[in-house]
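Good morning, and thank you for coming. Please look at the sequence and the structure together while I speak.

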Amino acid sequence: AARRIVFTNGCFDLLHVGHVRYLEAARQKGDLLIVAINCDATVRSLKGEGRPILPLEDRLRIVAALSAVDYVVPFDEPTPCELLRELRPAVLAKGGDYTTGQVVGREIVQEYGGEVCVIPAIEGISTTQTVQRMRSETGS
């Protein structure tokens, strides 16, 4: 039988417990979890100068080490749409405070009968907040 592929994407800069719980929840939606990770230039354009904190190679290795994750793939396009067309996952998962209608690539996945699933973020846990807190405490 075909395995049910779950796909998600993000920056995953400074992995925190919110990321881990989210990836575990995404993995439970299927048999295989593929995580596409934004390249450094895309992270910079999304998050601003000074990001990512960790280079792509480190982010790939850290996310790949999680037991919930089966495969990681870097991508440098602004959106994961090309990957979605190629992989045709059964589930497109996104973490955070999105509505299903805001998930990039949802039309592609819904067109062939796939499912789009939003997993709510844990309040008060984000890399951006952590970085801000660290910077204010060190005065840099």
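Setting aside the neighbours within four places in sequence, valine 91 is in contact with Arg4, Ile5, Val6, Phe7, Lys29, Glu115 and Cys117. Please keep in mind throughout that this is a predicted model. Valine 91 belongs to strand β4. Is valine 91 buried or exposed? Its relative accessibility is 0%, and valine 91 therefore counts as buried, the cut-off being under 20%. Along the chain, valine 91 and valine 116 are 25 residues apart, yet their C-alpha atoms are separated by 5.8 Å.

That pair leads to a point about the whole chain. Of the contacts in the protein with a separation of 6 or more, 68% are between residues 24 or more positions apart.

Let me now step back to the overall architecture. The secondary structure comprises six helices and five strands. Reading from the N terminus, the order of the elements is β-α-β-α-α-β-α-β-α-β-α. The radius of gyration is 15 Å, close to the 14 Å that the globule rule gives for 140 residues, so the protein is as compact as a globular protein of that length. Along the principal axes, the C-alpha atoms fill a box of roughly 55 × 30 × 25 Å.

What of the inside and the outside? Buried residues account for 39% of the 140 residues. The accessible surface amounts to about 7,900 Å², and carbon and sulfur atoms hold 50% of that surface. As for charge, the protein has 16 positive and 18 negative charges, and the mean positions of the two groups are 3 Å apart.

I turn next to two of the helices. Which residues of helix α1, residues 17–27, are buried? They are Gly18, His19, Tyr22, Leu23 and Ala26. Looking down the axis of α1, one finds these buried residues within an arc of 125°, so they line one face of the helix.

Helix α3 can be read in a similar way. Its buried residues are Leu56, Arg59, Leu60 and Val63. Down the axis of α3, the buried residues fall within an arc of 100°, so they too line one face of their helix. On the face of α3 turned away from the buried side, we find the exposed residues Glu57 and Arg61. What covers the buried residues of α3? The cover includes α1, β2 (32–38), α2 and β3 (71–75).

Now to some details of the backbone. As background, most residues other than glycine have a negative phi, and most peptide bonds are trans. This model contains departures from both habits, and I shall take the peptide bond before the phi angles.

Arginine 51 and proline 52 are joined by a cis peptide bond, with omega at about 0°. Proline 52 sits in the loop between α2 (40–47) and α3 (56–64).

Phenylalanine 12 is not a glycine, but its phi is positive, at about 50°. Where is phenylalanine 12 placed? It is in the loop between β1 and α1. Although phenylalanine 12 is a loop residue, it counts as buried, at 6% relative accessibility.

Arginine 88 also has a positive phi, near 45°, and is a residue other than glycine. Its place is in the loop between α4 (81–87) and β4 (91–95).

Two further residues deserve attention. The former is asparagine 9, in strand β1, residues 5–10. With a relative accessible area of 11%, asparagine 9 is buried. If we do not count residues up to four places away in sequence, asparagine 9 touches Ala36, Phe75, Pro80 and Lys94.

The latter is valine 104, in the loop between β4 and α5 (106–111). Valine 104 has a relative accessible area of 43% and is partly exposed. Its contacts, leaving aside neighbours within four places in sequence, are Thr79, Pro80, Cys81, Leu84 and Leu92. How many residues separate valine 104 from phenylalanine 12 along the sequence? The separation is 92 residues, and in space the two are 17 Å apart, C-alpha to C-alpha.

To close, I return to where we began. Valine 91, in strand β4, is buried at 0% relative accessibility, and Ile5 and Cys117 are among its contacts. Thank you for your attention.

Technical notes
Residues numbered from 1 in each chain as written. Predicted model: local features only at pLDDT ≥ 70, side-chain atom pairs only at ≥ 80, totals over all residues. Heavy atoms only, no water. Helix = DSSP H or I, 4+ residues; strand = E, 2+ residues; numbered from the N terminus. Rg over C-alpha atoms; globule rule 2.2 N^0.38 Å. Buried < 20%, exposed > 50% of the residue type's maximum accessible area, 1.4 Å probe, protein only. Contact = heavy atoms within 4.5 Å. Areas by Shrake-Rupley, 256 points an atom, 1.4 Å probe, with all protein chains shown as cover. Lys, Arg positive; Asp, Glu negative; His and termini not counted. Charge placed at Lys NZ, Arg CZ, Asp CG, Glu CD. Arc of directions from axis to C-beta.
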